[in-house]
Amino acid sequence: MNNCFERLFKKEVSTVDQKENVSKEKNKEVKDQILQAAKSLFSSRGYDGTTVRQICDEANVSLALVSYHFGGKENVFNALFEPLRHTFMNAHYDIHDSLGALRSFCRNFVLYRIHEHELIDILQQEIVMNSPRLEMLKDVFLPSWEQLRKILLACQEQQTIRFESLDVALNFIMGTLMYSLNNPFLNRSSLQSTPEQIAEHAVNFVLYGLQTKS
């Protein structure tokens, strides 16, 4: 009798666990749909030009689900940048090899920019507009900015490159890296280069511009 009860109890627990797992997977799927739709719309229309209703229509979900999972458009916007936060905050470069660190930083940034072009497009829009959401995004772009500053200082100290102004060099390098994506409006013929080749071109362009001593 006890064994029978124990088997029934385990079966019920297993069923409950399965239902919870299915529910979690479904919730994650819905959240991913909402985030993907928001990323596409924010990139093409901007934050202010996108409504929650448009996000729901694009994601093919009900309006209530956005409120349930995120609480509103601003929280959806903030959640979009979690992968970018994680990537930039956990990136580490060996500044003892300053030129190698600079190469790696530039290459990795360009490859990420190509892979997550919609996120970088949104970030560019926010920076150019000096939007009120920039304060919320500080932990998104400042880590990479500070990483590059440290690398450039190390390059200067090790005399692997030379430049007149750290701030000017920093701004021009980040500008090059952030815009290292083929724009069909500006480039009427499509580039045939692979992401790796584009990254290498960008690295060489930056190093030539900084007058490397090697």
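Here are some numbered notes on the fold, the core and a few residues worth a look in this predicted model.

1. Start with the overall layout. The chain has 10 helices and 0 strands, so if you trace it from start to end you read α-α-α-α-α-α-α-α-α-α. There are 214 residues in the chain, and 37% of them count as buried. Now take the contacts between residues at least 6 apart in sequence: 73% of these join residues at least 24 apart.

2. Next, have a look at the core. The largest nonpolar core is made of 57 residues, and the ones with the most contacts inside it are I34, F81, L102, L152 and L210. Which helix gives the most to this core? That would be helix α6, residues 98–115, with 9 residues.

3. L210 is a handy residue to click on if you want to see who meets whom in that core. L210 is listed with those having the most contacts inside the core. Setting aside neighbours within four places in sequence, L210 is in contact with L102, L152, I161, R162, F163, A169 and I173. L102 and L152 are on that same core list.

4. Stay with α6 and see how it meets helix α9, residues 166–178. The two axes come within 9 Å and cross at roughly 35°. What kinds of residues make up the contact of α6 with α9? By class, there are 8 nonpolar residues, no polar ones and 1 charged one. On the α6 side you will find F105, C106, F109, V110 and R113, and these meet I173, M174, L177 and M178 in α9.

5. Now for the cysteines. How many disulfides does the structure hold? The count is 0. As a reminder, a disulfide is a covalent bond between the sulfur atoms of two cysteines. For C155, the closest cysteine sulfur is in C106, and that is 9.3 Å away, so the two are too far apart for a bond; the cut-off for a disulfide is 2.5 Å. C155 is buried, because its relative accessible area is 0%, and the cut-off for buried is under 20%. C56 also counts as buried, because its relative accessibility is 1%.

6. Q147 deserves a slower look. You will find Q147 in helix α8, residues 138–158. Is Q147 buried or exposed? At 15% relative accessibility, Q147 counts as buried. A polar atom of the Q147 side chain lies 3.3 Å from the backbone oxygen of F88. Not counting residues up to four places away in sequence, Q147 touches F88, A91, H92, Y93 and F105.

7. Y93 is one of those Q147 partners, so let's follow it next. Y93 sits in the loop between α5 (82–89) and α6. With a relative accessibility of 23%, Y93 counts as partly exposed. Y93 and Q147 are 54 residues apart along the chain, yet their C-alpha atoms are separated by 8.2 Å. Leaving aside neighbours within four places in sequence, Y93 is in contact with A101, S104, F105, N108, Q147 and I151. With N108 there is also a polar contact of 3.2 Å between the two side chains.

8. Two residues have backbone angles you might want to check. Most residues other than glycine have a negative phi. N130 goes the other way, with a positive phi near 50°. N130 is in the loop between α7 (117–129) and α8, and N130 is exposed, because its relative accessible area is 60%. Q159 has a positive phi too, of about 60°, although it is not a glycine. Where is Q159 found? Q159 lies in the loop between α8 and α9. Q159 counts as exposed, because its relative accessibility is 54%.

9. Finally, one pair that links separate parts of the sequence. K28 lies in helix α1, residues 2–45. K28 counts as exposed, because its relative accessibility is 51%, and the cut-off for exposed is over 50%. K28 and H69 are 41 residues apart along the chain, and their C-alpha atoms are separated by 9.5 Å.

Conventions
Residues are numbered from 1 along each chain as its sequence is written. This is a predicted model: local features need pLDDT of at least 70, side-chain atom pairs count only at pLDDT 80 or more; totals for chains, interfaces and linings use all residues. Side-chain values use heavy atoms; hydrogens and water are left out. Buried means under 20% relative accessible area, exposed over 50%, partly exposed in between (1.4 Å probe, protein chains only). A nonpolar core is a set of buried Ala, Val, Leu, Ile, Met, Phe, Trp, Tyr and Cys residues joined through side-chain atoms within 4.5 Å. Helices (H or I, at least four residues) and strands (E, at least two) are DSSP runs, numbered from the N terminus. Contact means heavy atoms within 4.5 Å. Axes are lines fitted to C-alpha atoms, for helices over the stretch in contact, and angles run from 0 to 180 degrees between N-to-C directions. Ala, Val, Leu, Ile, Met, Phe, Trp, Tyr, Cys and Pro count as nonpolar, Asp, Glu, Lys and Arg as charged, and the others, Gly among them, as polar. A polar contact is a pair of N or O atoms within 3.5 Å; within protein, one must be able to donate a hydrogen and the other to accept it, and residues adjacent in sequence count only if both atoms are side-chain atoms.
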